[in-house]
Amino acid sequence: MDKQLLETTVSKVLNELRDRPIPLGVSNRHIHLNAEDYARLFPGHPISEKKGLLQPGQYAAEQTVTLVGPKGQLKNVRLLGPLRSTSQVEISRTDARTLGIAAPLRMSGNLNGTPGIRLVSPFGEVELPSGVIVAQRHIHMSPLDALILRVAHGDSVSVAIEGTDRRLIFDNVAVRVSPDMRLEMHIDTDEANAAGADDANAFVTLVTPR
């Protein structure tokens with residue numbers, strides 16, 4: 001194979017990979033717990049996996065809690081595993097209004113200045129002083145995916161939610177790159193409802209950069 005033919009073939013393959021659909025994950029309200037808070041909420045009950053998630057090593061646990069805010073509560077909020085170093089609660093804007101909490105739009109782990117909440121399980125309760133956020137929409141990907149898509153960790157891109165009768169373009173989608181991540185975009189239930197999307201029928205295409 002001569003050099004020009006090789007370059008043409010490689011370019012064609014890369015373009016096909018760049019145009020492939022990106023899986024969409026709709027994140028319902030959920031919590032992450034550190035070991036101390038978990039032990040207080042579920043003493044003597046080891047965390048148990050209910051369903052594996054696309055991101056390697058992550059799963060929805062059997063354990064659930066009730067979120068209690070100043071104005072209301074939300075029951076059966078799922079714990080995601082494994083346990084983390086810091087407890088965190090991720091809700092939608094609609095959930096925040098139900099609870100009466102002014103949860104800011106943040107990337108996961110950016111918890112400075114965030115409001116707290118009370119978590120109640122069948123075995124105990126924990127008052128978190130902070131940690132409630134509305135998660136910024138984002139795309140997980142590996143370094144190879146980032147190379148193919150011509151983006152880098154921390155970039156902000158625009159994407160189109162496809163496969164629905166309410167196609168919608170989202171701007172300000174954060175790019176998160178890690179060797180431990182698989183290609184997948186995460187939006188919350190409010191965003192999914194706006195696009196008429198769910199995990200079964202929708203997918204994502206990158207609008208910028210091209």
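Buried here means a relative accessible area under 20%. The model behind these views is predicted.

**View 1. Strand S10 and its two faces.** Here's how the side chains split: Val 132 and Val 134 go one way from S10, while Ile 133 and Ala 135 go the other way. Whichever way they point, all four of these residues are buried.

**View 2. S10 with its parallel partners S6 and S7.** Strand S6, residues 88-90, pairs with S10 in the parallel sense, over two bridges. Look for Val 89, whose bridge partner in S10 is Val 132. Strand S7, residues 105-106, also runs parallel to S10 in its pairing, again over two bridges. Here Leu 105 sits opposite Val 134 of S10.

**View 3. Gln 136, in the loop after S10.** This loop links strand S10 (132-135) to strand S11 (138-141). Gln 136 has a relative accessible area of 16%, so it counts as buried, given that the cut-off is under 20%. Leaving aside residues up to four places away in sequence, Gln 136 touches Leu 105, Arg 106, Met 107, Asn 172, Val 173 and Ala 174.

**View 4. Two asparagines with positive phi, Asn 172 and Asn 76.** Asn 172, one of the residues touching Gln 136, lies in strand S13, residues 168-177. Its phi is about 55 degrees, positive although Asn 172 is not a glycine. Over in strand S5 there's Asn 76, with a positive phi near 55 degrees. Asn 76 is exposed, with a relative accessible area of 62%.

**View 5. The cis peptide bond between Gly 81 and Pro 82.** Omega is about 5 degrees for this bond. Pro 82 belongs to the loop between strand S5 (73-81) and S6.

Terms used: Residues numbered from 1 in each chain as written. Predicted model: local features only at pLDDT ≥ 70, side-chain atom pairs only at ≥ 80, totals over all residues. Heavy atoms only, no water. Helix = DSSP H or I, 4+ residues; strand = E, 2+ residues; numbered from the N terminus. Buried < 20%, exposed > 50% of the residue type's maximum accessible area, 1.4 Å probe, protein only. Contact = heavy atoms within 4.5 Å. Pairing = 2+ DSSP bridges.
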